[in-house]
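Trainee: Before I rely on words such as buried, exposed or salt bridge, I would like to hear how each is justified. Could we go through them one at a time with the structure in view?

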Amino acid sequence: MYKLLIRWIVFSIAVVFTMLFLFRNRLPFGGGNSSFASEPRNEITRIIFSEQGKELSLEKKGDNWLIDGKSEARKSGILFILRVLQEIKIKSPVSDDLFKSEITGKGIEPVKIRVFENRKLIKSFLVYKTTSNSYGNIMKMKERSKPFIVYVPGYDGNIGSAFTLNELFWQPYTVFNLLPSEIESVKLENLSDTSSSFLITVKNHRFTLSDLNMEIAGWDSTLVTRYLSYFARIPFEKWALEMGEEEKRLVELRQPVYRISVTSTEGKLYVLTLWEKMKEGAGATEKDSDRLLGDGHKAARSFYHALLRY
């Protein structure tokens with residue numbers, strides 16, 4: 001009897017330890033459901049976004065990250081997505097009724113995320129972007145897994161927006177990126193006061209300044225040189241990705257306030273058209289004194305953004 005009791009105690013302890021080992025990573029909702037954060041041994045080196053047959057990759061090459069192996073990605077965007085991937089935690093579970101009404105009922109398709117360290121897949125999950133919560137997402141590990149709202153501790157913003165295949169989101173926020181030696185001409189049109197418009201041309205290292213009609217004399221060449229140097233990096237605040245097509249059309253119908261046209265020494269034309277921007281908020285009627293809306297064209301390519309005034 002004594003030996004039998006000892007065996008029962010040993011067996012019970014073994015069962016308890018086995019259960020603890022098997023389920024230590026499965027709390028509170030089960031390991032296959034709740035472990036969204038990526039945990040690389042050293043570092044994440046590749047992220048693949050897939051949605052409705054389309055795919056976009058961000059991959060580390062040396063010290064830089066490349067978009068689809070071609071153009072360099074925006075550093076702040078990479079730092080943000082890496083933080084999200086490594087720090088995301090569950091905020092709350094999502095009921096079946098809420099998932100049906102906010103996701104299934106609205107036909108929202110997920111973005112599939114795959115995270116790699118070199119060639120090793122270390123995490124994959126599905127992101128359903130939604131406005132039903134301030135974090136902009138409902139996530140699942142797999143299609144049949146339990147859905148959750150996921151967030152990053154210490155960050156109250158929309159993390160769902162970071163899971164996008166829009167290449168513009170990952171590109172550097174730069175309007176102009178030309179050295180003075182790469183510029184052939186710069187034309188600034190002040191469309192509300194045409195007398196303030198001007199044209200700078202460069203030929204054989206000699207500057208010419210005109211008011212669009214005739215050459216101006218007595219100007220300071222050092223100021224012109226400094227002005228051209230600004231085009232080495234003119235950034236903008238953000239893409240206006242939330243702007244709908246109808247809203248864009250209404251902006252284009254308004255009279256712009258400025259237009260900047262830059263011709264490079266290679267013959268490429270860059271045009272930036274700027275409109276006044278209203279302050280954000282429902283029914284806002286006050287003009288934003290710090291920002292303008294811009295529509296930039298380079299070889300017939302268009303983009304919209306809120307541009308910081310200089």
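Trainee: Why is Glu 246 called partly exposed?

Mentor: The relative accessible area of Glu 246 is 44%, and a residue counts as partly exposed when the value lies between the 20% under which it would be buried and the 50% over which it would be exposed, so Glu 246 belongs to the partly exposed class. Please keep in mind throughout that this is a predicted model.

Trainee: What makes the pairing of Glu 246 and Arg 249 a salt bridge?

Mentor: Their side chains meet with N and O 2.8 Å apart, and because the cut-off for a salt bridge is 4 Å between such atoms, the pair qualifies. Both residues lie in helix H7, residues 245-253, where they are three residues apart, about one turn of the helix. As background, an α-helix has 3.6 residues a turn, so residues three or four places apart point the same way. Arg 249, at 38% relative accessibility, is partly exposed.

Trainee: How many salt bridges does a search of the whole structure find, and what does the one between Glu 43 and Lys 60 tie together?

Mentor: The search finds twelve salt bridges. In the one between Glu 43 and Lys 60, the closest N and O atoms are 2.8 Å apart, which is within the 4 Å limit. Glu 43 sits in the loop between helix H2 (31-34) and strand E1 (46-51), whereas Lys 60 belongs to strand E2 (residues 54-61), so the pair ties together parts that are 17 residues apart in sequence. Glu 43 has 35% relative accessibility and Lys 60 has 26%, so each counts as partly exposed.

Trainee: What makes Glu 237 and Arg 291 part of a network?

Mentor: The network of salt bridges links Glu 237, Asp 288 and Arg 291. Within it, the side chains of Arg 291 and Glu 237 meet at 2.5 Å, N to O, and since Arg 291 lies in strand E18 (residues 287-298) and Glu 237 in the loop between strand E14 (234-235) and strand E15 (238-239), the pair ties together parts that are 54 residues apart in sequence. At 25%, Arg 291 is partly exposed, and Glu 237, at 30% relative accessibility, is partly exposed as well.

Trainee: How do you know that Glu 117 has no salt bridge?

Mentor: The nearest side chain of opposite charge, that of Arg 41, is 6.0 Å away, and because a salt bridge requires atoms within 4 Å, this pair does not qualify. Glu 117, which is in strand E6 (residues 111-117), is nevertheless buried. Leaving aside residues up to four places away in sequence, Glu 117 touches several others, including Pro 40, Arg 41, Thr 45 and Ile 122.

Trainee: Why is Leu 292 called buried?

Mentor: Leu 292 has 4% relative accessibility, and since anything under 20% counts as buried, the label follows. Leu 292 is found in strand E18, and its C-alpha atom is separated by 9.2 Å from that of Val 257, although the two are 35 residues apart along the chain.

Trainee: How do you know that the buried residues of helix H4 line one face?

Mentor: Helix H4 (residues 96-104) has Phe 99, Glu 102 and Ile 103 as its buried residues. Seen down the axis, they fall within an arc of 90 degrees, so they line one face of the helix. Asp 97, Lys 100 and Thr 104 are exposed on the other side of H4, while strand E7 (120-129) and strand E8 (137-140) are among what covers the buried residues. Leu 98, also in H4, has a relative accessible area of 31% and is therefore partly exposed.

Trainee: Where does pLDDT fall below 50?

Mentor: The mean pLDDT of the protein is 85, and 83% of its residues reach 70 or more. Over residues 20-27, however, pLDDT is below 50, and this stretch has four contacts beyond near neighbours in sequence. Over residues 299-303 pLDDT also stays under 50, with eleven contacts in the model beyond four places in sequence. Where pLDDT is low, the predicted coordinates should not be read in detail.

Conventions. Residues are numbered from 1 along each chain as its sequence is written. This is a predicted model: local features need pLDDT of at least 70, side-chain atom pairs count only at pLDDT 80 or more; totals for chains, interfaces and linings use all residues. Side-chain values use heavy atoms; hydrogens and water are left out. Helices (H or I, at least four residues) and strands (E, at least two) are DSSP runs, numbered from the N terminus. Buried means under 20% relative accessible area, exposed over 50%, partly exposed in between (1.4 Å probe, protein chains only). Lys and Arg count as positive and Asp and Glu as negative; His and the chain ends are not counted. Contact means heavy atoms within 4.5 Å. pLDDT is the predictor's confidence in each residue, from 0 to 100. The arc is that of the directions from the helix axis to the C-beta atoms.
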